[in-house]
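Colleague: Please show me the model, and then I will ask about its helices, core and cavity.

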Amino acid sequence: MGSLLIKNAQIVTMNAKEEIIRGDLLINEDRIESVGPSLNEAIADRVIDASGRTVIPGFIQTHIHLCQTLFRGKGDDLELMDWLKERIWPLEASHDEESIYYSAMLGIGELLQSGTTTIVDMETVNHTDFAFRAIAQSGIRALSGKVMMDKGNEVPIGLQEKTAESIQKSVDLLEKWHMYDSGRIQYAFSPRFVVSCTEELLREVQKLSTHYNVKVHTHASENKGEIAIVEQETGMRNVVYLDHLGLANERLILAHCIWLDEQEKRIIKERGVHVSHCPGSNLKLASGIADVPDLLDAGSSVSLGADGAPCNNNLDMFNEMRLAALIQKPIHGPTSMNARTVFKMATIGGARAVGMDHEIGSIEIGKKADLAILNLNHFHTFPSYDVDPISRIVYSATRADVETTVVNGQIVMENNIMKTIDKETVLKEADASIKRLLSRTAIVS
């Protein structure tokens with residue numbers, strides 16, 4: 001990779017002091033070597049003049065389903081359980097190796113193009129190795145894992161697993177991909193949610209997570225109907241049940257957490273559980289609005305994710321930041337979720353959730369070079385005079401303002417041109433793949 005010097009930029013560091021500086025940024029191989037004014041161009045193999053541009057830490061999305069990107073537009077206007085049973089599960093069951101690969105590539109292209117450099121991804125039951133291949137080739141940083149589902153009468157045959165088989169396949173993938181490319185790719189055990197997992201499977205996931213010291217990524221308390229099923233089957237609410245099984249700890253990332261009671265909030269705080277807030281998905285599926293201000297006021301870890309394309313229709317962190325801020329204001333007041341709070345959730349907050357805040361999430365010497373260069377010189381982002389740059393990013397900027405994305409010191413997009421993904425091939429194969437999948441299913445569009 002060599003060395004890269006980014007000159008004359010406005011740099012939003014998100015360091016402990018939240019400094020915003022004007023100057024240069026030197027990347028050597030995969031790490032940030034220097035940040036300061038007027039660095040010598042002679043020390044770099046490559047120079048990017050970022051005059052008039054803004055450099056930010058790469059966004060970290062802590063809940064994504066790359067396997068579902070092909071289903072964009074196929075799950076509109078449904079609530080969660082109908083959405084799963086009528087559309088998503090049948091489509092996931094129809095996946096093949098090639099469709100998984102191109103679904104992942106399609107999603108990754110969108111993510112990189114909009115400044116996201118790290119994801120926590122949950123795949124489907126089958127062909128997960130091909131999603132990992134896409135992740136490896138694209139250059140994105142990811143925690144990913146095959147979904148685990150060993151329970152449920154309404155689950156399509158193609159997604160039904162035996163407990164031992166689900167566990168063994170997960171361990172095999174972990175041993176192949178965990179810490180690939182010096183840790184750019186990591187494995188996360190991914191039981192879908194309590195509704196589709198036996199207690200035996202969840203207890204084994206807890207043991208394996210401890211043994212391998214890896215994250216567990218699952219859904220919880222997204223929908224009132226889901227919660228009712230869990231209470232009927234276990235006699236406990238979601239988070240209480242997960243705590244009962246020993247899963248509620250700092251390795252657990254819980255997507256959604258909309259309908260929490262006070263006991264569950266206390267468990268999340270005391271056990272160090274990480275919550276991934278997905279406002280776009282939660283609104284579209286009519287699931288509700290998570291009480292994020294209360295979680296943050298308690299000191300809990302909350303980050304952001306777009307979820308999947310069929311329950312959001314885009315994977316855009318700019319959209320999630322803006323929604324996360326705006327939906328709370330009518331409930332909690334205009335200052336409840338300010339721009340800086342939301343931007344922290346999208347950057348250093350996400351880094352904490354994945355256990356990498358010492359490596360990513362801010363622009364600091366010694367950290368991994370994961371960043372995006374924005375061009376905010378547009379009608380929709382001006383005037384710039386005497387406006388907080390973070391406010392401009394959260395409330396005014398869009399994904400179209402991202403010009404260049406760098407992951408692990410590698411330029412994966414420059415001047416809006418993808419460097420690691422063949423866009424035309426991916427678009428062509430994505431259409432071919434969804435056409436093939438739809439021919440195997442009986443869903444009605």
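The questions and answers below go through this model part by part.

Modeller: This is a predicted model, in which local features need pLDDT of at least 70, side-chain atom pairs count only at pLDDT 80 or more, and totals for chains, interfaces and linings use all residues. Residues are numbered from 1 along each chain as its sequence is written, and side-chain values use heavy atoms, with hydrogens and water left out.

Colleague: Which helix gives the most to the largest nonpolar core?

Modeller: A nonpolar core is a set of buried Ala, Val, Leu, Ile, Met, Phe, Trp, Tyr and Cys residues joined through side-chain atoms within 4.5 Å; buried means under 20% relative accessible area, exposed over 50%, and partly exposed in between, with a 1.4 Å probe and protein chains only. The largest such core has 115 residues, and Ile-108, Phe-189, Met-321, Phe-343 and Ile-393 have the most contacts inside it. With nine residues, the most to this core comes from helix 2 (residues 97–113).

Colleague: Where do the buried residues of helix 9 lie around the axis?

Modeller: Helices (H or I, at least four residues) and strands (E, at least two) are DSSP runs, numbered from the N terminus. In helix 9 (residues 262–271) the buried residues are Glu-264, Lys-265, Ile-267 and Ile-268. They cover an arc, taken from the directions from the helix axis to the C-beta atoms, of only 160 degrees, so they are on the same side of helix 9.

Colleague: Which residue caps the N-terminal end of helix 9?

Modeller: Just after helix 9, Gly-272 takes a positive phi of about 75 degrees. At the N-terminal end, a side-chain oxygen lies 3.2 Å from the backbone nitrogen of Gln-263. The residue that supplies this oxygen is Asp-261.

Colleague: Is Ile-20 buried or partly exposed?

Modeller: Ile-20 is in strand 2 (residues 20–28). Its contacts (heavy atoms within 4.5 Å), leaving aside neighbours within four places in sequence, include Gln-10, Arg-340 and Ile-390. Ile-390 is 370 residues away in sequence and 9.3 Å away in space, C-alpha to C-alpha. With a relative accessible area of 30%, Ile-20 is partly exposed.

Colleague: How much space lies in the largest cavity?

Modeller: On a 1 Å grid over the protein atoms alone, a cavity is a set of points where a 1.4 Å probe fits but cannot get out, and lining residues have an atom within 4 Å of a point. The structure holds one cavity of 30 Å³ or more, and its lining includes His-65, Trp-83, His-219 and Cys-311. Volume is the space filled by probe spheres set on the points, which are joined across faces, edges and corners. The space in the largest cavity is about 100 Å³.

Conventions
A polar contact is a pair of N or O atoms within 3.5 Å; within protein, one must be able to donate a hydrogen and the other to accept it, and residues adjacent in sequence count only if both atoms are side-chain atoms. On a 1 Å grid over the protein atoms alone, a cavity is a set of points where a 1.4 Å probe fits but cannot get out, and a pocket is an open set with protein on both sides within 12 Å along at least five of seven lines; lining residues have an atom within 4 Å of a point.
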